[in-house]
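Visitor: Hey, I've got a structure to look at and no idea where to begin. Can you walk me through it?
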Amino acid sequence: MELKATHEIHKRRFSRNLGVGLALLAMVAIVFGLTVVKVKRGDAIQGFDHVVRPEMVPVEGGN
Amino acid sequence: MTEVSINATREYEPTFGDYVALLKPRVMSLVVFTALVGLIVAPVSLHPFEAFCAILFIAVGAGASGALNMWYDADIDAVMRRTAKRPVPSGRVEPGEALAIGLGLSGLSVVMLGLATNLAAAALLAFTIFFYAVIYTMWLKRWTPQNIVIGGAAGAFPPMVGWVAATGSVSVEAVLMFALIFMWTPPHFWALCLFMRSDYDDAGVPMLTVTHGRPATRRHILVYTVLLVPVALGLALTSIGGPVTLAVAVALNLWFLKGALSIWRRDEVMAEADDYSVEKKFFRFSLYYLFLHFGALVADLTLRAAGVL
């Protein structure tokens, strides 16, 4: 008997692949969304933004 | 290609739903609810997207520990009627797959919760998964009849993780939310054990009803219900409580205590005569008990936000 493309096993595989694909897409969206939220708020960003930080300037006469 | 080649590779091709079933979705719904309450009643508010991620990854972590539990307990799950249809004992998912999914999702959930919120919440989630999968499932479940008490701690962590995700630290409110679920679990589960003809004995799991008998289980239900009262009232008196929580706590605990007393006064002859109606009612009520308690905390929060309180 020939293996038909509509065999039940294909439906199961499709459901699994679709589920994994959608889960991965959701993961990408979540990481992207989190990045946007964190960057927009700007906390924990210390460098590379060309902003003078007085606390980082060496104190004259200090160690 | 013939059918033979398909059968040779694998007898059953699992669907996505089979893998989802590994994560114990029904348990996850309770985790989501209590973690969400823990997060929103906390005095520090997160960005809505961060809060969404926190709840999502707490739920994924709970699911991961469920998958690890199903991997390790496949032998006893296969013996018991209630659990024989789970993905691993029924042969739909290979044990190795359950282990891989459990470990993979555990790592993912902890790392992502840490990135979305803070390291303390991530560490607490990691400990929760470890506690449920290793301390409860691998060690104490098959060793002591107090397994339900200890297993209850794993289920009690989510609101605390939610709170820590928002605030970054543990406080008395978080501890009391933990204690509420911790003390509630034994009466809730032992009431179920009384009226469910379970086959834990065949599986070699020491349940209180089997090791110490049903009268002792009835006494234990009463003792834990009495111990639950100060926790519930104490929570109502903290900063996250309020008049609604206090009123709900008083009413629910009076009712719960009355039910536990009735269970304690009965014996098996009386229980069998009315088909365990009191035990069944107590179990159903215990579900509302937890839901209404946490719901009351949200109600007080809403009233405070609206300026009523």
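Guide: Let's start with a term: a residue is called buried if 20 or more other C-beta atoms lie within 10 Å of its own, and exposed if 12 or fewer do. Also, keep in mind that this is a predicted model.

Visitor: Okay, so what share of the residues in chain A is buried?
Guide: Chain A has 63 residues, and buried ones make up 0% of them.

Visitor: Huh. How many helices and strands are there in chain A?
Guide: One helix and zero strands. The helix, α1, covers residues 8-41 of chain A, which is 34 residues.

Visitor: How far does α1 of chain A reach from end to end?
Guide: From its first C-alpha to its last, α1 of chain A reaches 50 Å, close to the 50 Å expected at 1.5 Å a residue.

Visitor: And why does α1(A) lie largely in the open?
Guide: Because the number of buried residues among its 34 is zero.

Visitor: Switching to chain B: what's up with the loop between α14 and α15?
Guide: Tyr276(B) is found in that loop, and so is Asp275(B). The phi of Asp275(B) is positive, about 55°, although this residue is not a glycine. Tyr276(B) isn't a glycine either, and its phi is also positive at about 55°.

Visitor: Is Asp275(B) buried or exposed?
Guide: Exposed, because it has 9 C-beta neighbours inside 10 Å.

Visitor: And Tyr276(B), buried or exposed?
Guide: Tyr276(B) is buried: 20 other C-beta atoms lie within 10 Å, and the cut-off for buried is 20 or more.

Conventions: Residues numbered from 1 in each chain as written. Chains lettered and ligands numbered in written order. Predicted model: local features only at pLDDT ≥ 70, side-chain atom pairs only at ≥ 80, totals over all residues. Helix = DSSP H or I, 4+ residues; strand = E, 2+ residues; numbered from the N terminus. Expected span 1.5 Å × (residues − 1).
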